[in-house]
Amino acid sequence: NNGLNDIFLLDVDTRAIRNLTEHPADDTEPAWSPDGSQILFTSQRAGNSDIFLLDVACEPADCEPRNITHNPAVDLLPQWSPDGTMILFLSNRDGGDFDVFVQDLNVGEPVNISANHLDDTLPQWSPSGDELLWLAPFNERYDRRVIIGNLEGQHTQTLVDQNGSIVSARCAADHGAAACYMHGGVVDNCILNGVEDQISSF
């Protein structure tokens, strides 16, 4: 597509490939709905980076993807809530830095969950869908800590606050989190549920 991206669906049995978006704009970052019937994706088709929703069963000529975010800022990296009723995404709509937002797909406006003055990264849903986890810088060097917050942007808590830079974190089924951090440019230690342990060293 002239060097730009479309989103394709591959049937693993027949090997048939179908173009789901077929648009001259750049379409990236697809995310399946929990029931497999819809896909969220990031697109430049509105003149800036917005989050769109499409029905997998529809052909591009028959069903126009719905713009979910409608904002002149940059919205990207959409993810579905476990129950499929809400999405989270990153956006710089509130001051230029990237924050974590959630939005109900049926009602309501996006809610800024992180409201940080530096770029937040790697947001994800908890398995229950009632909390979010993300990495938040706490200084201009972009040393990062792991934050968990609820869907109203309240009661956020710091799980890990190391002098080194956190490079990754994942939610656990028991509402805990595992994170790895760096010293001297290499991954050094990992923390599980807030307790530091050298469970991996590279």
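Colleague: How many residues does the largest nonpolar core have?
Modeller: A nonpolar core is a set of buried Ala, Val, Leu, Ile, Met, Phe, Trp, Tyr and Cys residues joined through side-chain atoms within 4.5 Å. Buried means under 20% relative accessible area, exposed means over 50%, and partly exposed lies in between (1.4 Å probe, protein chains only). In the largest core, the members include Met86, Leu88, Val102, Ile113, Trp125, Leu132, Trp134 and Leu151. The full count is 12 residues.

Colleague: Which elements give two or more residues to this core?
Modeller: The elements in question are strands, which are DSSP runs of E with at least two residues, numbered from the N terminus. Those that give two or more residues to the core are β8 (86–91), β9 (99–104) and β12 (131–137).

Colleague: Good to know! What kind of model are we looking at?
Modeller: Residues are numbered from 1 along each chain as its sequence is written, and side-chain values use heavy atoms, with hydrogens and water left out. Local features need pLDDT of at least 70, side-chain atom pairs count only at pLDDT 80 or more, and totals for chains, interfaces and linings use all residues: this is a predicted model.

Colleague: Back to the core: which residues is Leu151 in contact with, leaving aside its neighbours within four places in sequence?
Modeller: Contact means heavy atoms within 4.5 Å. Leu151 is itself a member of the largest core, as are Met86, Val102, Ile113, Trp125 and Leu132. With sequence neighbours set aside, Leu151 touches Val111, Gly129, Asp130, Met86, Val102, Ile113, Trp125 and Leu132.

Colleague: And how many residues are in the other core, the one that lies apart?
Modeller: Among the members of this other core are Leu40, Ile51, Leu53 and Ile87. Its count is 10 residues.

Colleague: Is β12 largely enclosed or largely open?
Modeller: We can judge this from how many of its residues are buried. Six of the seven are, so β12 is largely enclosed.

Colleague: Which residue in β12 is the bridge partner of Trp125?
Modeller: Two strands pair if DSSP finds at least two bridges between them. Strand β11 (residues 121–125) is joined to β12 by three bridges, and the two run antiparallel. Their hairpin has five residues between the strands, with Gly129 taking a positive phi near 85°. The partner of Trp125 is Leu132.

Colleague: On the β13 side, which residue stands opposite Pro137?
Modeller: β12 and β13 (residues 144–150) run antiparallel and are joined by seven bridges. Six residues lie between them in a hairpin, where Tyr142 in the turn has a positive phi of about 65°. Opposite Pro137 stands Arg144.

Colleague: Which strands stand at the edges of the sheet β3-β4-β5-β6?
Modeller: These four strands form an open sheet with antiparallel pairing. Two of them have a single partner strand each, so one side of each is left without a neighbour in the sheet. They are β3 (27–32) and β6 (66–67).

Colleague: Then what are the edge strands of the sheet β7-β8-β9-β10?
Modeller: This is also an open sheet of four strands, with antiparallel pairing. At its edges, each strand pairs on one side only: β7 (75–80) and β10 (111–112).

Colleague: Finally, is the disulfide of Cys58 and Cys63 left-handed or right-handed?
Modeller: A disulfide is a pair of cysteine sulfur atoms within 2.5 Å, and the sulfur atoms of Cys58 and Cys63 are 2.1 Å apart. Both residues are partly exposed, Cys58 at 23% relative accessibility and Cys63 at 25%. The torsion about their S-S bond is about -45°, so the disulfide is left-handed.
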